[in-house]
Each structure stands twice: as C-alpha cells, then as structure tokens.
Amino acid sequence: LNWLRRLPEWALKVVSPGRARRFASQREDRDGQLAAFVDRDHYFSQGCPAAGRIDPASHYLAAGQYAGLDPHPLFWTRWYARHMLPGAADVTPWRHFVGIGRHDWANPNPFLVVRWYDRQPGAGRHHPNPLLDLEEHARRGTPAPDPNPLFDQAWYRQTYDCDGRPPLRHFVLHGARHPTCAFLARHPELGQTMERRDGYALSFT
C-alpha cells in the first residue's frame, strides 16, 4: 500500500523532474518557522485523521496544506491561495508566504495587514515573520503593533481574556464575524446602548 501512495510522486519525477523537485521543497520546513508557529490543538481540531499520532507541522506540509487545513488560526490556507496566489500554481500558500509573500506584503488572513503591521513601532522586534512576531510579543508581554488600522489591541486585551496569546487570535476564533474594536473603544456609549452578548454593536454586524 505504501508504494501506491507514493506512485503519483514517482510519476511526477519521471514526467517533470523540475516540478517534482519544487513539489518536494514544499514539504520541507527548512527554516523551522512552521514548527515554531503551528498550533497543534487548532490544527487537529479541523478533522485531521492523524490527530494525536503525528507531528502537526510535518502533516501539514505533507497533506494538510493540500486539504486546505490551517496550521494556526492566523494563517488561512484556502483564503491565501484564493486571494494572494493569483496564477502561482507551483507554490503552496505557506511556502509562498514565508519566502515571497511576506516581503511583498501579502496578508495571511483578512485581518492582519502586513503592510500596516510592518510600519508600526515594534514590528519585527522578535521575528521578521509577522505571524511569529505577534506570537512572541504575546508570549513575552511586549507591546505588539496593531494588525490593522481598526484593531486596538490594548483595548481588546483589557476587554477579553486572551490567555497570553495574541488578541487577534482570540478575535479570529471567537468574534471574527464582527468588526474590530477601535471604533467602540472611542465610542463606548454605543457599546452600552447597542450591546450584544459579546459587546459589539448591533449596527456593525
């Protein structure tokens, strides 16, 4: 059965050796960024059949990225492929982001605007990859740049218990159907008069 699973890979090496080499490179985490970034619980919560029996970074590179799984709440594989990879059929979303897209200000999800993030004080203090930089800021408790002009991280952290993780991660997992919070931070009276259970204004939903 193992040889059957590897048959497409062998066939690609015969038909197109160059493309086979590029395909193999997509399955390597040569710089270790994915291993440092992947959220094990989130990854396996997406219905991965190998949950608990395999390293999530290795599984994502070998199979998960092709199935559209997300390695972390802040990297949206299918969204990135659809919006940030026009015509780039020979490169996977994660490989493109860490190698090319991050430097071209491609966004890993709709809420992290890399062009904005890079221009804020503290950007890149802990890592040149903004995704790992946000995580490390949260881990060390240092002020991180806001991920977009409308997201007030200080207000969000005071309002919600983010459990030592980036506020944007909490927002994506628990409130991404709502607008970001900077407007309500400036106009708290609206939050009081139009309150939902989660504290966002009804008029913005």
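**Exercise 1. The largest cavity**

Determine the volume of the largest cavity in this predicted model, and describe its lining.

*Solution.* Step 1: the volume of the largest cavity is about 30 Å³. The count of cavities of 30 Å³ or more comes to one.

Step 2: the lining consists of Leu-134, His-137, Ala-138, Thr-142, Ala-144, Gln-153, Arg-157, Pro-166 and Pro-167. H9 and H10 are the elements that give two or more residues to this lining, and H9 gives the most, with three residues.

Step 3: by character, the lining residues divide into five nonpolar, three polar and one charged.

**Exercise 2. The enclosure of helix H11**

State how many of the eight residues of H11 are buried, and identify the elements against which these buried residues pack.

*Solution.* Step 1: a residue counts as buried under 20% relative accessible area. In H11 the buried residues are Pro-167, Leu-168, Arg-169, His-170, Phe-171 and Val-172.

Step 2: six of the eight residues are therefore buried, and H11 is largely enclosed by the rest of the structure.

Step 3: the packing partners of the buried residues of H11 are H9 and H10.

**Exercise 3. The largest nonpolar core**

Identify the residues that touch the most other members of the largest nonpolar core, and list the contacts of Leu-168 beyond its sequence neighbours.

*Solution.* Step 1: this core holds 34 residues, of which Phe-75, Trp-94, Leu-131 and Leu-168 touch the most other members.

Step 2: the elements giving two or more residues to the core are helices H3 (33-37), H4 (40-44), H5 (56-64), H7 (93-101), H8 (114-118) and H9 (130-140), together with H11.

Step 3: once neighbours within four places in sequence are left aside, Leu-168 is in contact with Leu-74, Phe-111, Leu-112, Pro-147 and Phe-151.

Step 4: as general background, nonpolar side chains in soluble globular proteins tend to be buried together.

**Exercise 4. Aromatic pairs**

Classify the pair of Trp-76 and Trp-79 by its geometry, then do likewise for Tyr-156 and Phe-171.

*Solution.* Step 1: the structure holds 15 aromatic pairs. For Trp-76 and Trp-79, the ring centres lie 6.4 Å apart and the planes stand at 85°, so this pair is edge-to-face.

Step 2: Trp-76 is partly exposed at a relative accessible area of 22%, whereas Trp-79, at 17%, counts as buried.

Step 3: the pair of Tyr-156 and Phe-171 is also edge-to-face, with 6.1 Å from centre to centre and 80° between the planes. This pair links distant parts of the chain, as Tyr-156 belongs to helix H10 (residues 153-159) and Phe-171 to helix H11 (residues 167-174), 15 residues apart.

Step 4: Tyr-156 is buried at 2% relative accessibility, and Phe-171 is buried at 0%.

Step 5: these four residues belong to one aromatic cluster that also includes Phe-111, Phe-151 and Tyr-160.

**Exercise 5. Positive phi angles**

Locate Trp-105 and Asp-163 in the chain, and decide for each whether it is buried, partly exposed or exposed.

*Solution.* Step 1: most residues other than glycine have a negative phi. Trp-105, however, has a positive phi of about 65° although it is not a glycine, and Asp-163 has a positive phi near 55°.

Step 2: Trp-105 lies in the loop between H7 and H8, while Asp-163 lies in the loop between H10 and H11.

Step 3: Trp-105 has a relative accessible area of 31% and is thus partly exposed. Asp-163, at 65%, is exposed.

Technical notes:
Residues numbered from 1 in each chain as written. Predicted model: local features only at pLDDT ≥ 70, side-chain atom pairs only at ≥ 80, totals over all residues. Heavy atoms only, no water. Phe/Tyr/Trp six-rings, centres within 6.5 Å; stacked < 30°, edge-to-face > 60°. Buried < 20%, exposed > 50% of the residue type's maximum accessible area, 1.4 Å probe, protein only. Helix = DSSP H or I, 4+ residues; strand = E, 2+ residues; numbered from the N terminus. Core = buried A, V, L, I, M, F, W, Y, C linked by side-chain atoms within 4.5 Å. Contact = heavy atoms within 4.5 Å. 1 Å grid on protein atoms, 1.4 Å probe; cavity = no way out; pocket = protein on both sides within 12 Å on 5 of 7 lines; lining within 4 Å. Points joined across faces, edges and corners; volume = space filled by probe spheres on them. Nonpolar A, V, L, I, M, F, W, Y, C, P; charged D, E, K, R; others polar.
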